[in-house]
Amino acid sequence: MPKIQGLSYGGDYNPEQWPEEVWPRDVELMREAGVNLVTVGVFAWAWLEPEPGGYAFDRLDRIMDGLHDGGIRVCLATATASPPPWFSYAHPETLPVDADGRRLSYGSRQAICASSPVYRQAALALTEQLAQRYRDHPALAVWHVHNEYACHNAHCYCDVSAAAFRDWLQRRHGDLAGLNAAWGTAFWSQTYTDWAQVQPPRATPTSSNPGQVLDFKRFSSDEHLACFVAERDALHRLSPGVPVTTNLMTASCVNLDHWAWGREMTGPDRLLSNDHYLLGEHPLEPPAQIAFAADLSRSLAGGPWLLMEHSTSAVNWQPRNLAKPPGQLRRDALAHVARGSEGALYFQWRASRAGSEKWHSAMLPHAGTDSKIWREVVQLGTDLRALAEIEGSRTGAEVAVLLDYGSVWAQEAANQPSADMVAFDEIRRWHSALWRAGITADLAPPDADLGRYRLVLAPALYAVTDDAVANLTGYVAAGGSLVIGPYSGLVDECDQVRPAPLPGAFAELLGIRVEEFFPLRAAETVRLDDGSTAAVWTELLAAPDAEVLARYADGPVPGAPAITRRGTAGGPAWYLGTRLADAPLGRLLAEVAAGVGVHPELPGTPGVEAIRRRHADGRSYLFLLNHGDRPAEVDATGLDLLTGERWTGPTRVAAHGAVVLAQPAAEGPA
Ligand code: GAL
């Protein structure tokens, strides 16, 4: 964590967009708002290196000094996410190429091929210059590498990438025989006889080989990761002792294998940070979107993490950009903090006057300080200072929801039985069903040590390795409880169908046998004999060795089992052969959770989200976030750190308000 007392508060600060006269006023206003950490220079490459090798750091020196004089620490960016036009113009081979073979232009941002040695070298050179110049600057608190890797340039299909892809494939599959076997190239006459023939999955007349597409997604994630690791290592070498981070997008980016990234972003002098923006028109409610992003960030970090960016109000990149009503700025920030963030930072400090993001909200809006946003920003600064003692406390979870990027990618391939089976959406839907039930969950990869969870959910685990199968089987054998969703365990990590009975990975564990898939039409629903409804997916299922909890009452396979449970010598294992609607899914998961001893943090107060952070000595903090239009009374006691009020009876949480109850070790449940 940045060496800051208490929680971090601030945002991206882009002084290069403003005349120097504005800078002292920025510092003054940051102090007024209680800002203690700003991210400087994220898109400042052109400002820092206006010509090849001609570094101009004098202005950044003055910024760093000015912030230091104001008592504000700096998360200093390496500025490598967006090379200047002089660079891209001189090195057009560093520009990304899409699957259709079009080379994209500069004039936006992230116009980079991640495999380009020319780009990597230039990025490293700038990073090293910055590290050498600022490593001893007293304002420096964190190094911020790049910005949102793969946000706009996840996959590049150029010749440089093709060569790097072939190297990567040789490391993964050894020889061509291994590659041909893994990709199943006997199908459609795709057998390769020379490495030179192997390409990225560029545009083809019809669907490309799914094994090739899957490997290309893995490769692309690894290429971006290699860029991060190179900059990170240079910073560790030249600036030891200063934490290094890069900002992930856990809820919105499925192009990176975040578990692999998490491993590289945690440990001594490393910090896992995340950006999160609400989607105004999304099936999940805004607080459920936050809960997922934050829970995944915490799970990747294995503990504390930092919210590097979110928005004070509207963004500007959705078709309709919804502003936050009064109170939501504070509640959203606290929702991230409740789930383990050691602070709250924004994009950005001062709203830009020009450029693509001038209509994006900021801490200091175009309207100035006489504004709703500014008043709430100042209030949040006070709130976060009042929460200083929660620093270092942890958010715990007894349930894990499995997320495997390789599996998500395999299922993204063309020619699936139903286009409506979108794995990442389904994982989020199950997570939000738990959120609605008031249960905090971690995310975990299927090969993680799951022993500490009472309950593990696998909403969508289409592709699974033998190791993961053994891990999940072992978890159940040791007494764990597992719920598996439909279309899971069918293929291996090369996307090749596992041997019968289906689902090859889990038929025995679940005591079931899938005979045939019966996907539903777009708006079709089916009824189950327990009264619930489902959509998207049904299958002809037999349950030779499991109890049938519900059968289809209508639809394509009436009478077939829809939900089963196998009581093993270890723990129980459930299978859902269909996509239950939100309400019955929520009921079922809450029932399963209760049955294995997992209960909501705060039973029976609908509309109030309750999350607990706990110190190792047992002192804990109960965050109560009221999402409703009316005040709520909550059966909890303690000292509200935000107001100083001590609640001895029910605690009152104002409409759209927040309370953080400090509770001594004895008061909160163990
Ligand atoms: C993030 C990005 C910021 C800014 C923000 C706008 O994805 O890191 O630079 O563009 O989105 O919402």
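**Ligand site, sheets and buried residues**

In this predicted model, an oxygen atom of the ligand lies 2.3 Å from an N or O atom in the side chain of E148. R109 makes a similar approach: an N or O atom of its side chain is 3.0 Å from an oxygen atom of the ligand. H360 adds a polar side-chain atom, placed 2.6 Å from an oxygen atom of the ligand. The protein buries 95% of the 310 Å² that the ligand exposes when taken alone.

The three residues belong to a wider shell. R109, E148 and H360 are among the residues around the ligand. The others are F43, N147, D275, Y277, E309, W317, F347 and E357. By class, the shell holds five charged residues, four nonpolar residues and two polar residues.

The protein as a whole was examined next. Its secondary structure comprises 17 helices and 29 strands. The chain has 670 residues, and 59% of them are buried. The C-alpha atoms fill a box of roughly 75 × 75 × 40 Å along the principal axes. The radius of gyration is 26 Å. A compact globule with 670 residues would have a value near 26 Å, so the protein agrees with that expectation.

Several strands were then followed through their pairings. Strands of a sheet pair through backbone hydrogen bonds, and the pairing is either parallel or antiparallel. Strand β11 spans residues 399-402 and is covered on both faces. V399 and V401 lie on one side of the strand. A400 and L402 lie on the other. All four of these residues are buried. Two parallel pairings of β11 were examined. Four bridges join β11 to strand β12, which covers residues 441-444. There, L402 has A444 as its bridge partner. Three bridges connect β11 with strand β13, residues 455-458, again in parallel. In this pairing, A400 stands opposite V456.

Strand β21, residues 572-576, is also covered. Five of its five residues are buried. Their side chains alternate in direction: P572, W574 and L576 point one way, while A573 and Y575 point the other way. Burial holds on both sides of β21. Its pairings run in both senses. Strand β14, residues 481-484, runs parallel to β21 and is joined to it by three bridges. L482 of that pairing stands opposite A573. Strand β20, residues 561-567, runs antiparallel to β21, and five bridges join the two. W574 in β21 is the bridge partner of R565. The connection between β20 and β21 is a hairpin of four residues.

A separate case is an open sheet of three strands. Its order is β16-β17-β22, and its pairing is antiparallel. β16 (525-527) and β22 (579-580) stand at the edges of the sheet. Each has a single partner strand, so one side of each is left without a neighbour in the sheet. Between β16 and β17 (residues 533-535) there are three bridges, and the two strands run antiparallel. R527 stands opposite T533 of β17.

Two individual residues complete the description. S407 is placed in helix α13, which covers residues 405-412. The relative accessibility of S407 is 1%. Buried means under 20%, so S407 counts as buried. A polar atom of the S407 side chain lies 3.0 Å from the backbone nitrogen of Y462.

E609 lies in a strand rather than a helix: β23, residues 608-614. Its relative accessible area is 6%. That value is under the 20% limit, and E609 is therefore buried. E609 and L624 are 15 residues apart in sequence. In space, their C-alpha atoms are 5.7 Å apart.

Key: Residues are numbered from 1 along each chain as its sequence is written. This is a predicted model: local features need pLDDT of at least 70, side-chain atom pairs count only at pLDDT 80 or more; totals for chains, interfaces and linings use all residues. Side-chain values use heavy atoms; hydrogens and water are left out. Buried means under 20% relative accessible area, exposed over 50%, partly exposed in between (1.4 Å probe, protein chains only). Two strands pair if DSSP finds at least two bridges between them. A residue is near a molecule or strand if one of its heavy atoms lies within 4 Å of it. A polar contact is a pair of N or O atoms within 3.5 Å; within protein, one must be able to donate a hydrogen and the other to accept it, and residues adjacent in sequence count only if both atoms are side-chain atoms. Accessible areas come from the Shrake-Rupley method with a 1.4 Å probe; for residues, only the protein chains shown count as cover. Ala, Val, Leu, Ile, Met, Phe, Trp, Tyr, Cys and Pro count as nonpolar, Asp, Glu, Lys and Arg as charged, and the others, Gly among them, as polar. The radius of gyration is taken over C-alpha atoms; the globule rule is 2.2 Å times the number of residues to the power 0.38.
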